[in-house]
Amino acid sequence: MLPRPGDTHGDQKAGRWDWHGRLTVETDARYTLVRLKVDTTGVTERHDVLSARFEFDPGEGSGDEYSLSVALEIGDAPHLSAGHAYQLGRDIPAYATVTCFCRPLRPDSVRGTYTMSTRGVRQLSGRIEATLYFTAWDDRAVHATYRLQQRLFGVRP
């Protein structure tokens with residue numbers, strides 16, 4: 001799973017794989033925040049959630065840095081086939097947030113694919129090739145997109 005031409009150059013700073021949880025998306029309009037959390041309360045059946053945070057620093061100056069957080073509600077990871085590209089939003093529900101020195105952005109959707117490469121006892125790894133869509137909190141006519149195309153891993157706590 002080596003980098004490919006055209007990959008984004010984000011540093012994955014966090015990656016978590018929960019086996020028994022449900023993804024919750026909490027929106028707080030007062031502070032223009034969106035929280036992606038894994039709720040494990042009462043979840044006894046197998047339900048996998050993969051979440052990660054990528055940090056980007058595209059320019060030499062300050063102010064253009066941003067981070068992308070993504071969460072994939074995989075369901076039952078042992079049923080995923082390695083090497084198969086699953087459609088985000090259709091086969092696998094996916095959510096994303098962006099943190100930046102920009103106008104506050106509300107998540108719209110995530111479109112693209114997730115391809116699992118390995119599933120071990122404590123780590124799940126694969127590749128995400130997606131476009132993340134956002135809308136400004138204060139103006140529904142203003143949109144932003146971010147591309148995320150690189151390796152993705154999650155480790156069980």
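Select Leu 132 to begin: apart from its neighbours within four places in sequence, this residue is in contact (heavy atoms within 4.5 Å) with Leu 68, Val 70, Ala 96, Ser 109, Val 110, Ala 144, Thr 145, Tyr 146 and Leu 148. The model is predicted: local features need pLDDT of at least 70 and side-chain atom pairs count only at pLDDT 80 or more, while totals for chains, interfaces and linings use all residues. Residues are numbered from 1 along each chain as its sequence is written, and side-chain values use heavy atoms, with hydrogens and water left out.

**First stop: Leu 132 and its strand**

Leu 132 lies in strand E9. Helices (H or I, at least four residues) and strands (E, at least two) are DSSP runs, numbered from the N terminus. With a relative accessibility of 0%, Leu 132 counts as buried. The term buried stands for under 20% relative accessible area, exposed for over 50%, and partly exposed for what lies in between (1.4 Å probe, protein chains only). Now add Val 98 to the selection. Its C-alpha atom is 9.0 Å from that of Leu 132, and the two residues are 34 apart in sequence.

**Second stop: Ile 128**

Stay in strand E9 and select Ile 128, which also has its place there. Is Ile 128 buried or exposed? Ile 128 is buried, its relative accessible area being 0%. Leaving out neighbours within four places in sequence, its contacts are Leu 88, Thr 113, Leu 148, Gln 149, Gln 150 and Leu 152. For a view across the model, select Asp 28 as well: it is 100 residues from Ile 128 along the chain, and 27 Å separate the two C-alpha atoms.

Next, colour the whole of strand E9, residues 123–136. Of its 14 residues, ten are buried, so the strand is largely enclosed by the rest of the structure.

**Third stop: the partners of E9**

Two strands pair if DSSP finds at least two bridges between them. Select strand E8, residues 105–119, which pairs with E9 in the antiparallel sense over 13 bridges. Two of the positions to mark are Arg 106, whose bridge partner in E9 is Thr 135, and Leu 105, whose bridge partner in E9 is Ala 136. The connection from E8 to E9 is a hairpin of three residues.

Then select strand E10, residues 139–155, which runs antiparallel to E9 and is joined to it by 14 bridges. Here Thr 135 stands opposite His 143. Thr 135 is thus a useful residue to keep displayed, with Arg 106 as its partner in E8 and His 143 opposite in E10. A hairpin of two residues leads from E9 to E10.

Return to E8 and add strand E6, residues 85–88. These two strands pair in the antiparallel sense over four bridges. What is the bridge partner of Tyr 86 in E8? The partner is Tyr 114.

While the strands are displayed with their side chains, one general point may help. In a regular strand the side chains alternate between the two faces of the sheet.

**Fourth stop: the hairpin of E2 and E3**

Select residues 22–28 for strand E2 and residues 33–39 for strand E3; the two pair in the antiparallel sense over seven bridges. Within this pair, Leu 23 stands opposite Val 38 of E3. Four residues lie between the strands of this hairpin. Now select Thr 32, which has its place in the loop between E2 and E3. Its phi is near 50°, a positive value in a residue other than glycine. Thr 32 is partly exposed, with a relative accessible area of 32%.

**Last stop: the whole model**

Clear the selection and display the entire protein. How many helices and strands does the secondary structure contain? There are zero helices and ten strands, and along the sequence the pattern reads β-β-β-β-β-β-β-β-β-β. Along the principal axes, the C-alpha atoms fill a box of roughly 40 × 40 × 25 Å.

The radius of gyration is taken over C-alpha atoms, and the globule rule is 2.2 Å times the number of residues to the power 0.38. The value for the protein is 16 Å, which agrees with the figure near 15 Å for a compact globule of 157 residues. Buried residues account for 38% of the 157. Of the contacts between residues at least 6 apart in sequence, 65% join residues at least 24 apart.
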